[in-house]
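Notebook open, coffee poured. I want to look up how the strands go together, what lies across them and where the pocket is.

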Amino acid sequence: MKVVFLPEVRIYFQELQDILFEKEYFGFEESAVQYVRDLVLDIEENLPTKVSKTAPPYFNQYGRNLRYATFRKNKNTQWYAFFNKYQKNGEVIYVVCYISNNHVIAKYLE
């Protein structure tokens with residue numbers, strides 16, 4: 001089992017570190033970096049065991065037949081990882097195509 005992120009998702013994670021610090025969600029840059037690292041690790045380790053749902057049609061812009069799973073980081077923020085699942089040479093591969101949080105996309109979810 002392997003979890004991989006599309007390049008645009010990796011770029012988003014890099015930008016997220018800066019946004020979280022610049023908008024003062026975290027007082028220290030290291031804290032913002034650690035938050036993003038923890039989120040990435042949570043997705044890598046737990047995506048295969050999470051209950052997932054079919055993504056609504058709005059998310060087709062990020063890929064076809066996407067599913068999504070949720071990752072709660074605190075009482076106010078829940079992250080959504082949108083992915084496809086493939087099997088290659090007997091190995092299951094999860095490809096994360098898009099990520100966002102409830103503050104941005106909750107209105108598009110059922």
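I began with strand β3 (residues 67–72) and strand β4 (residues 78–88), which pair in the antiparallel sense over six bridges. For a landmark I took R67, which stands opposite F83 in β4. I'm keeping in mind that this is a predicted model.

Next I looked up β1, residues 2–5. This strand pairs with strand β5 (residues 91–101) in the parallel sense, over four bridges. Here V4 stands opposite V95 in β5. I also checked the two faces of β1: V3 and F5 are on the covered one, while K2 and V4 are on the uncovered one.

Then I wanted the whole sheet. In what order do the five strands come? I read β1-β5-β4-β3-β2, an open sheet with mixed pairing. β1 and β2 (53–54) stand at the edges with a single partner strand each, so one side of each has no neighbour in the sheet.

Helices next. I found α1 lying across β1, β4 and β5, at about 45° to β5. Helix α2 (residues 29–46) lies across β1, β3, β4 and β5, and runs at about 135° to β1.

Last, the pocket. I noted about 320 Å³ of space in the largest one. It is lined by 14 residues, and the closest to its centre are L20, Y25, W79, N101 and H103. Which helix gives the most to this lining? That turned out to be α1 (residues 7–22), with four residues. Sorted by class, I have eight nonpolar, five polar and one charged residues in the lining.

Notes: Residues are numbered from 1 along each chain as its sequence is written. This is a predicted model: local features need pLDDT of at least 70, side-chain atom pairs count only at pLDDT 80 or more; totals for chains, interfaces and linings use all residues. Side-chain values use heavy atoms; hydrogens and water are left out. On a 1 Å grid over the protein atoms alone, a cavity is a set of points where a 1.4 Å probe fits but cannot get out, and a pocket is an open set with protein on both sides within 12 Å along at least five of seven lines; lining residues have an atom within 4 Å of a point. Grid points are joined across faces, edges and corners, and a volume is the space filled by probe spheres set on the points. Ala, Val, Leu, Ile, Met, Phe, Trp, Tyr, Cys and Pro count as nonpolar, Asp, Glu, Lys and Arg as charged, and the others, Gly among them, as polar. Buried means under 20% relative accessible area, exposed over 50%, partly exposed in between (1.4 Å probe, protein chains only). Two strands pair if DSSP finds at least two bridges between them. Contact means heavy atoms within 4.5 Å. Axes are lines fitted to C-alpha atoms, for helices over the stretch in contact, and angles run from 0 to 180 degrees between N-to-C directions.
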